[in-house]
Structures are given as C-alpha cells and as structure tokens.
Amino acid sequence: MPRKRATNGSGLQPRQRKDGRWEARFKTGIDPGTGKPVYKTVYGNTSDECARKLRAAVAAVDDHTYLEPSRMTLKEWLEIWLNEYCTGVKDTTRGVYKTAIRRHIVPALGAIRLCELRPHNCQMFINDLYRGLKGLSTKTVRNAHGVLHKALQVAVKIGYIAGNPASSVELPRVEQKEIHPLEGEQISAFLDAIKGNPNEPLFFTALFTGARLSELLGLQWRYVNFRRGTITICQQLLWKRSTGEERTLGDTKNSKARVIKPPQAVMDTLAEVKRQQAQWQLLAGPAWNNSLGLVFTDEAGNALPHTTVEHRFKQVVKKIGLPDRRFHDLRHPYVKPTTKKYLFFLVPIIQLS
C-alpha cells in the first residue's frame with residue numbers, strides 16, 4: 001500500500017523500519033543541478049514522535065528556517081573556519097586562535113559533531129580548563145572560550161547550526177591585576193639603576209612616554225620628529241608565527257595612532273641613540289640588519305627580543321627592591337596625573353658611550 005502524503009503535501013507519513021524505529025521523508029527544495037526534489041529524513045522511536053519531528057521540519061522548510069544537520073565534527077569545522085574565515089586577522093591573533101584550538105578545544109571537544117554540540121558540553125569544557133588538572137589562568141580560559149564562540153558564531157551565520165552553544169557559558173571572573181606604578185623616590189632609584197644598562201634608553205623612553213614595550217620595539221625613526229619634539233606611536237613589533245622567528249610590524253593594540261610630546265630629555269636621548277646607531281652601522285658594515293629603520297636595536301641592527309628586554313627590566317626592579325613590578329607598570333607614572341608632576345624634576349640627560 002503506497003504511503004500517504006502529509007497533509008501539507010511536503011512530506012510522507014511516518015513508516016516503521018525493520019529495526020523498530022519510525023522514519024518520515026520530507027522535501028527541502030529542488031536540486032539546482034538536476035531540477036529534482038531533494039528529500040531529507042527524520043526519525044523517531046514512536047510514530048507520534050516521528051510525526052512531531054516531521055511537522056516541525058516541514059514548518060521550518062515552509063518558513064525558510066530549516067537547517068540541515070551537519071555531519072562534520074567540531075574539529076573539521078574549526079579547520080575550515082581558521083583557513084577560510086580568519087584570513088583578515090593579524091598573524092599574532094591567528095596564532096592565538098591556532099594555539100587555543102590545538103591545545104585546548106580539539107582535545108576536549110573536537111570529536112563531537114558540530115550539530116550535536118550542546119551548551120553543557122561547552123560549560124564542562126570551560127570548567128575543566130579552569131578547575132581541572134590543567135588549572136589554567138582566567139585569561140587563558142576566557143581566550144579559549146572566545147575562540148570557540150567566534151568559530152561557532154560563524155557556523156550560525158552561514159546556517160550550519162541554529163544557535164551558538166557557547167553563548168550561555170558561565171566564565172570565570174576576570175582577575176584584575178594590581179597596578180604598581182613607580183612613584184617619587186622609586187622613579188629616582190629606577191633611573192639610577194638603569195644607568196649603563198644596554199636598554200637604558202628604551203627604559204627611559206618608556207617611563208616618560210607611556211608607550212608599551214611592543215610599541216617601542218616597533219618604533220621607526222620616521223616617526224620621531226626632532227624638529228617638533230614629537231613621537232608618533234602607530235604600530236608595534238610582532239612575532240610572525242607563520243614564518244617562525246621572523247618579526248614584523250603591525251597595528252597597535254587598539255589600532256589607533258597617537259602623537260606624544262615627551263620631555264625634551266627624551267628627544268635628546270633618542271638623538272644620542274641615533275648617533276650611536278650610526279656608529280654601530282659603520283662598524284657592522286654589510287652585516288648591518290636594520291632594514292626596518294627601527295629606533296631600538298642591538299649592535300648589528302637586529303630588532304630586540306621582547307623576552308630579553310623584559311628579563312633585563314626584571315633584573316633592574318629586583319635590584320631596587322621592587323621585584324613585583326612589570327614592564328608595563330612603567331606606563332602608569334606617565335599616565336597618572338598625581339605622579340606625572342615628579343617626572344620633570346627627575347629627568348636626566350642620558351649620555352651614551
């Protein structure tokens with residue numbers, strides 16, 4: 001006996017399979033290549049369950065809201081997302097995405113089908129990262145969630161899934177790191193301690209400009225205006241992870257440029273750096289390697305590694321009894337109004353040998 005059409009004409013009444021389950025077919029549209037109808041199937045443990053699913057699917061097709069369940073796994077989707085939908089992001093950002101996917105997301109959720117991923121899967125994933133054996137920092141956990149959420153949001157946008165299962169996740173509270181700016185006598189002690197340090201000009205410039213470390217390492221001479229006494233901060237030095245050790249210049253953290261007019265002693269210090277760099281270039285000859293025109297380099301013209309500068313900074317602050325200070329704490333005396341008044345009385349003129 002032939003199966004009857006559903007009342008709306010878009011599907012067939014459920015029938016029982018040999019394994020005891022029930023199934024029903026419904027039309028989702030027309031194949032543009034062949035012009036033939038395209039049918040999908042819903043399943044249920046009972047006739048009524050299958051009929052309910054059929055009615056819901058047919059209604060979704062009629063309302064143009066039907067989404068075909070995808071058989072791809074989350075791992076497969078993340079690979080597509082990273083390769084096809086992240087082409088416009090910075091190399092460093094892409095590197096963060098790849099690390100989070102490889103280290104955290106795929107090992108925990110990669111084998112789950114994209115269409116079967118549920119909010120509780122995402123919540124368990126976050127809880128395990130934060131409270132489990134890994135015990136990762138709040139920042140790392142929130143970054144991993146951010147990558148997962150971004151990837152799933154694109155899947156929603158293109159119709160692979162109906163909603164983002166990572167949207168309702170409860171995340172660990174952000175832990176605000178306490179700022180320890182240098183003040184008063186600490187500034188004076190710091191200036192004494194950096195005398196003769198290979199990075200003395202960079203530390204000095206950081207203290208009196210409020211620039212970030214990556215911004216100073218990426219500062220080019222073309223953005224230092226000695227006539228006007230200004231420095232333009234519009235880029236930073238980045239690791240180009242796709243090519244290993246190579247460094248490149250990219251936008252600042254907020255992608256906005258700013259012009260700084262520091263104390264004259266900073267401009268005098270940079271003039272000394274420029275003079276010394278010219279001497280280094282003469283000594284290095286063909287081996288000179290400052291094709292980017294960076295302000296702060298080593299004696300061969302190479303860009304300074306972030307880790308080297310940070311290590312030397314740690315040595316200095318430990319020497320003056322402030323081991324808990326971070327390099328970016330140098331930004332706050334410049335920015336903080338109550339402290340800024342100290343700076344103009346403490347500014348020395350650095351003489352480089």
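Here are a few notes on this predicted model, going from the strands to the helices and then the surface.

1. Start with the first hairpin. Strand β1 (residues 15–16) runs antiparallel to strand β2 (residues 22–30), and 2 bridges join them. Arg15 sits opposite Glu23 of β2. There are 5 residues between the two strands, and Gly20, in the turn, has a positive phi of about 100 degrees.

2. β2 also pairs with strand β3 (residues 37–44), again antiparallel, this time over 8 bridges. If you want a pair to look up on screen, try Lys27, whose bridge partner in β3 is Tyr39. This hairpin has 6 residues between its strands, and Gly35 there has a positive phi near 80 degrees.

3. Next comes helix α1 (residues 47–62). Its 16 residues should span 22 Å at 1.5 Å a residue, and the end C-alpha atoms are indeed 22 Å apart, so the length agrees. Just past α1 is His64, with a positive phi near 60 degrees.

4. Which residues of α1 are buried? They are Cys50, Ala51, Leu54, Ala57, Val58, Ala60 and Val61. The cover over these buried residues includes β2 and β3. As a reminder, an α-helix has 3.6 residues a turn, so residues three or four places apart point the same way.

5. Last, a look at the surface. Ile80, Tyr85, Ile158 and Tyr160 make a nonpolar patch of about 320 Å². Ile80 belongs to helix α2 (residues 74–84). With a relative accessible area of 31%, Ile80 counts as partly exposed, and it can join the patch because the cut-off for membership is over 30%.

How values were computed: Residues are numbered from 1 along each chain as its sequence is written. This is a predicted model: local features need pLDDT of at least 70, side-chain atom pairs count only at pLDDT 80 or more; totals for chains, interfaces and linings use all residues. Side-chain values use heavy atoms; hydrogens and water are left out. Patches are made of residues with over 30% relative accessible area and no salt bridge: like charges are joined within 9 Å, nonpolar side chains (Val, Leu, Ile, Met, Phe, Trp, Tyr) within 5 Å. Accessible areas come from the Shrake-Rupley method with a 1.4 Å probe; for residues, only the protein chains shown count as cover. A salt bridge is a side-chain nitrogen of Lys or Arg within 4 Å of a carboxyl oxygen of Asp or Glu. Helices (H or I, at least four residues) and strands (E, at least two) are DSSP runs, numbered from the N terminus. Buried means under 20% relative accessible area, exposed over 50%, partly exposed in between (1.4 Å probe, protein chains only). Two strands pair if DSSP finds at least two bridges between them. The expected span of a helix is 1.5 Å times one less than its number of residues. Contact means heavy atoms within 4.5 Å.
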